[in-house]
Amino acid sequence: MRARLRLLWLAIVLVVVTTTSAFAQTAGTTPTSSPTTTPRVQSSAVQQPAETVRIYHRWTYGRPIVQIGQDYVLKDGETVREIRSVLADVRIEGHVEDDVVIAAGNAAIASTAVIDGSLVVAGGSATVASGAVVRRDFVVVGGTADIAPDFNPGGGHVIVGTPLIGDWVRTIVPWLTRGLLVGRLIVPDLRWIWAVVAISFLVGLLMNHLFNRQVSATAAALNKRPITAFFMGLLVLVLSGPILVIVAASVIGLAIVPFAVAALIVAALIGKIAVARVIGRGVIPETDPDSRGESLRSFVLGFVVITIAYMIPVMGLITWGLAGVFGLGCATMSFAATLRRERPAKPPKSAAEPPPAAPLPDPPAPVIPSSGPVFGAPGVSAAVAVVDLALYPRASFLDRAAALALDVVLVAIVNAVLRFTWNDGGFLIVVLLYQIGFLAWRGTTLGGVICGLRVVRANGADLRFVDALVRGLTSVFSVAALGLGCLWMLNDPERQTWHDKIAGTVVVKMPREMVLA
């Protein structure tokens with residue numbers, strides 16, 4: 001053991017001595033970086049040793065400079081390894097051994113400055129004095145370049161974009177540093193932000209007047225079911241992206257995407273206006289919901305409250321997020337209610353007339369075989385159960401989408417816990433098998449139990465294994481057809497998708513305690 005420790009200490013001493021010797025030798029042979037003593041050699045064969053020494057220096061000595069939001073000055077006679085700056089101005093008078101990269105800031109290069117690497121300025125201006133040296137590329141993106149006539153970089157000379165981009169970036173910088181980074185959307189001392197607030201107010205005022213009925217219905221939905229609106233908004237945010245990607249998989253679907261995105265934007269705007277009206281009603285209650293004057297007053301009061309909240313650090317971002325989620329959720333609920341009114345479901349079938357009380361002379365009719373009591377009530381036959389299941393209302397598209405999302409999340413959680421590794425498409429196959437298995441077993445899934453959904457045959461009978469299998473396999477075609485097979489239920493009186501029609505099934509909404517009965 002002692003012999004091993006001695007060998008270890010001997011190896012450490014040898015490494016330290018070797019490194020110190022190499023450093024001293026390199027420092028003694030490295031040429032100075034002054035512009036007067038360092039010639040600009042154009043031959044690549046001569047430049048290679050100098051480049052090798054510079055790369056060695058990158059990790060042997062020198063310090064990197066990283067500036068975020070604070071200006072920096074490299075004085076004459078000082079040497080640093082590299083400079084990275086974001087949202088700050090940089091003035092260089094000394095020596096930089098590597099690259100200088102400045103984003104959303106200005107660069108001032110003095111006559112005594114020497115940059116062995118490249119100078120890159122994005123979203124800002126670059127001023128280069130006479131005598132400054134840049135041994136590699138000089139790049140300015142979205143800004144201006146004021147350079148001396150004798151300035152000649154060793155590499156490329158590239159200027160991309162117009163000065164307007166740099167001006168716009170420098171205008172945004174105070175909002176980023178004193179607004180978004182501290183959790184607020186409005187910085188009161190920035191003039192241009194109030195122009196944005198004024199435009200938002202005018203757009204909201206116009207939409208509140210033009211779509212007064214829709215905004216009133218959306219605000220009523222938010223007042224009546226706020227928790228449902230919140231979770232509905234989260235669901236739309238989670239599912240809108242994947243659905244748009246699936247729809248955009250073909251040329252026909254790609255043409256639908258802009259309209260879908262525009263519909264989401266309009267729904268979000270109407271929802272936010274409804275949120276403002278709900279907040280305004282909390283300040284001064286409305287006596288007549290149909291009055292445009294009172295709706296205007298509620299919107300103005302709510303807009304002022306939201307604007308004040310946007311100026312408070314941390315609270316501003318929280319308010320913005322909650323208003324967006326609540327607004328999108330209540331707008332979706334209002335749209336679904338309007339769609340149900342325009343496309344009402346078929347009235348339920350009437351129950352069969354009871355048999356006459358007087359006994360018939362003929363022999364008694366054969367007894368219908370029963371599969372046992374239904375819903376725990378003794379004496380209820382299977383024929384009565386068929387009628388009862390057929391009388392339940394059909395499930396809406398949002399209910400079915402929520403149940404599917406819950407099932408996918410559940411399978412993903414189980415997959416993460418058990419750490420299964422699937423090949424391409426394996427996870428979707430597992431979700432499909434999960435759906436088929438649970439539907440064949442209990443006629444619903446765990447997500448369906450939570451949402452109160454059950455899949456039954458079109459005549460109201462319980463689902464069989466063959467029905468669940470056919471329904472699950474044909475659902476692949478409904479999804480593969482850009483999701484049109486699933487969206488078909490929005491225009492179907494029985495609210496059946498393509499795979500429902502092929503398998504002869506319907507999805508009904510029933511009380512949660514009776515789903516598994």
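In this predicted model, Asp467 has a relative accessibility of 7% and therefore counts as buried, the limit for that class being under 20%. Its salt-bridge partner is Arg464, with the closest N and O atoms 3.0 Å apart, and Arg464, at 42% relative accessibility, counts as partly exposed. Salt bridges that share partners also join Arg400, Arg471 and Asp500 into one network.

In total, 13 salt bridges are counted in the model, and further pairs among them illustrate other settings with respect to the surface. The side chains of Asp189 and Arg178 meet at an N to O distance of 3.0 Å; this pair links distant parts of the chain, since Arg178 belongs to helix α3 (163–178) whereas Asp189 lies in the loop between α3 and α4 (191–210), 11 residues apart. Asp189 counts as exposed because its relative accessibility is 52% and the class begins over 50%, while Arg178, with a relative accessible area of 33%, is partly exposed. A salt bridge is likewise formed between Glu286 and Arg281, whose closest N and O atoms are 3.4 Å apart, and here both residues are buried.

Turning to the nonpolar interior, the largest core comprises 40 residues, of which Trp175, Leu222 and Leu453 touch the most other members. Helix α7 (residues 251–283) contributes the largest share of this core, namely 6 residues. When residues up to four places away in sequence are left out of account, Trp175 touches Leu180, Leu185, Val187, Leu190, Trp192 and Ile193. Apart from this core lies another, of 23 residues, which includes Ile102, Ile109, Ala132 and Val140.

Strand β16 (residues 453–457) runs antiparallel to β17, to which it is joined by 5 bridges; within this pairing, Arg457 of β16 has Thr505 of β17 as its bridge partner. Strand β17 (residues 505–509) is mostly covered, with 4 of its 5 residues buried.

For the protein as a whole, the secondary structure comes to 16 helices and 17 strands, and buried residues account for 35% of the 517 residues. Of the contacts between residues at least 6 apart in sequence, 46% join residues that are at least 24 apart. The accessible surface amounts to about 30000 Å², and carbon and sulfur atoms make up 70% of that area.

Definitions and conventions: Residues are numbered from 1 along each chain as its sequence is written. This is a predicted model: local features need pLDDT of at least 70, side-chain atom pairs count only at pLDDT 80 or more; totals for chains, interfaces and linings use all residues. Side-chain values use heavy atoms; hydrogens and water are left out. A nonpolar core is a set of buried Ala, Val, Leu, Ile, Met, Phe, Trp, Tyr and Cys residues joined through side-chain atoms within 4.5 Å. Buried means under 20% relative accessible area, exposed over 50%, partly exposed in between (1.4 Å probe, protein chains only). Helices (H or I, at least four residues) and strands (E, at least two) are DSSP runs, numbered from the N terminus. Contact means heavy atoms within 4.5 Å. Accessible areas come from the Shrake-Rupley method with a 1.4 Å probe; for residues, only the protein chains shown count as cover. Two strands pair if DSSP finds at least two bridges between them. A salt bridge is a side-chain nitrogen of Lys or Arg within 4 Å of a carboxyl oxygen of Asp or Glu.
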